[in-house]
Amino acid sequence: MTDIGLITGQTCRQSVLHGLSDLLETANTFSTTAPLNVQICEPDARFDDLDALIILPCQKPDGLSDGLRHLQTAHKNGSLIGSVCMGAFRLAETGLLDGRPATTHWSAAASFSQQFPTVQLDCSRTVIEEPDLITAGGFLAWIDLGLALIRRYCSQAVMMETAHFVLADPGRRDQRVYARFQDVTSHGDDHILRAQDIMRQNPAHHHTIAALADAARLEPRTFLRRFKRATGLTPTRYLQKHRLDQGCRLLETTVQSVEQIAWAVGYQDTGAFRALFQREIGDTPSEYRQRYTISDS
């Protein structure tokens, strides 16, 4: 018997709670040796004798209070500790993620890194699994995390049977194909905002550092330093991300060819656009379009 505790709260997302519970309990129908026993745990409960504890995402951060200490104790006693989506913030508060790789929802990457700079955050990955810690990004990543738990505590065969039964993809997914560019505009530097506005309004234009610095009314070296401090990106990287974001939207909503889209977002070399797109997004442009194509049949 494997005891898995799901740590909830008053504003816990019920779809994650019930979905993950059902997935784990479904695995029991395919396992004859080590059934999974799912327990619902309050945030400040003691977590004695549980093999795994998973912090579920809440719409408001319900305080773990004493639960943080209990999680640390459970980890020290050999329990697997994990999180789904925004639950990674609560897990990071325990200090267990310090210096360790972890993931959370792609939209929270900047906020998470600011609050927990020592965590090796990688929001390109949907699940990061280690012997003692496991984190999953995104609301529906509970499916990926659940399958990982089933594989760990039952077997690869049971995990595959469960995945087939619930119509889930057992392969590791990549968050990059779902992510949107999170433009930072709340930094309060009006000079840098002017340059951001120019690039955002016309990403296909060939923007030079000199022209952007002039528009921001700053010396080029000062402009580069303040732009990186305000946005976390160089101007070149910032423009690149805007172009790719626009390219993704055009692939999702138009029937323009990849060549036309490359030109529309500022790349005359279609081959370079394809290579950059695959490196940054994780799919080729054609694969990305197919992923978001809704069939009429």
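Cys-85 sits in the loop between strand E4 and helix H3, the latter covering residues 87-93. In this predicted model, Cys-85 adopts a positive phi of about 55 degrees even though it is not a glycine. Is Cys-85 buried or exposed? Its relative accessible area is 0%, so Cys-85 is buried.

A second loop makes a good companion to that one. Leu-167 lies in the loop between H6 and H7, and it too is not a glycine, yet has a positive phi, here of about 60 degrees. Its surroundings are another matter: Leu-167 has a relative accessibility of 75% and therefore counts as exposed, whereas Cys-85 is buried.

Let us step back for a moment and take in the whole chain. The protein chain holds 13 helices and 8 strands, and its C-alpha trace spans about 65 × 50 × 30 Å along the principal axes. Of its 297 residues, 47% count as buried. Considering contacts between residues at least 6 apart in sequence, 62% join residues at least 24 apart. The accessible surface comes to about 14900 Å², and carbon and sulfur atoms account for 50% of that area. As for charge, the chain carries 30 positive and 34 negative charges, and the mean positions of the two sets are 8 Å apart.

With that overview in hand, we can follow the chain from helix H1, which runs over residues 14-27. Its 14 residues should span 20 Å at 1.5 Å a residue, and because the end C-alpha atoms are indeed 20 Å apart, expectation and model agree. Which residues of H1 are buried? They are Val-16, Leu-17, Gly-19, Leu-20, Ser-21, Leu-23, Leu-24, Thr-26 and Ala-27. These buried residues pack against both strands and helices: strand E1 (2-7), strand E2 (36-41) and strand E4 (80-84), together with H5 and helix H6 (156-166). Two of these partners also border the loops we began with, as E4 comes before the loop of Cys-85 and H6 before the loop of Leu-167.

H5, another partner of H1, is worth a visit for one acidic residue. Asp-144 is found in this helix, which spans residues 142-153. With a relative accessible area of 7%, Asp-144 is buried. What does Asp-144 contact, leaving aside its neighbours within four places in sequence? The answer is Thr-126, Val-127, Gly-171 and Arg-173.

Our last stop is helix H9, residues 220-231. This helix has 12 residues and reaches 16 Å from its first C-alpha to its last, close to the 16 Å expected at 1.5 Å a residue. Phe-223, Arg-226, Phe-227, Ala-230 and Thr-231 are its buried residues. They cover an arc of only 105 degrees around the axis, so they lie on the same side of H9. Turn to the other side of the helix and you will find Arg-221, Arg-225 and Arg-229, which are exposed. It is worth noting that H9 thus has arginines in both settings, with Arg-226 buried and Arg-221 exposed. The cover over the buried residues of H9 includes helix H7 (190-201), helix H8 (209-215) and helix H10 (235-253). Just after H9 comes Gly-232, with a positive phi of about 80 degrees. That brings us back to the backbone feature we started from, the positive phi of Cys-85.

Note on methods
Residues are numbered from 1 along each chain as its sequence is written. This is a predicted model: local features need pLDDT of at least 70, side-chain atom pairs count only at pLDDT 80 or more; totals for chains, interfaces and linings use all residues. Side-chain values use heavy atoms; hydrogens and water are left out. Helices (H or I, at least four residues) and strands (E, at least two) are DSSP runs, numbered from the N terminus. Buried means under 20% relative accessible area, exposed over 50%, partly exposed in between (1.4 Å probe, protein chains only). Contact means heavy atoms within 4.5 Å. Accessible areas come from the Shrake-Rupley method with a 1.4 Å probe; for residues, only the protein chains shown count as cover. Lys and Arg count as positive and Asp and Glu as negative; His and the chain ends are not counted. The place of a charge is taken as NZ of Lys, CZ of Arg, CG of Asp or CD of Glu. The expected span of a helix is 1.5 Å times one less than its number of residues. The arc is that of the directions from the helix axis to the C-beta atoms.
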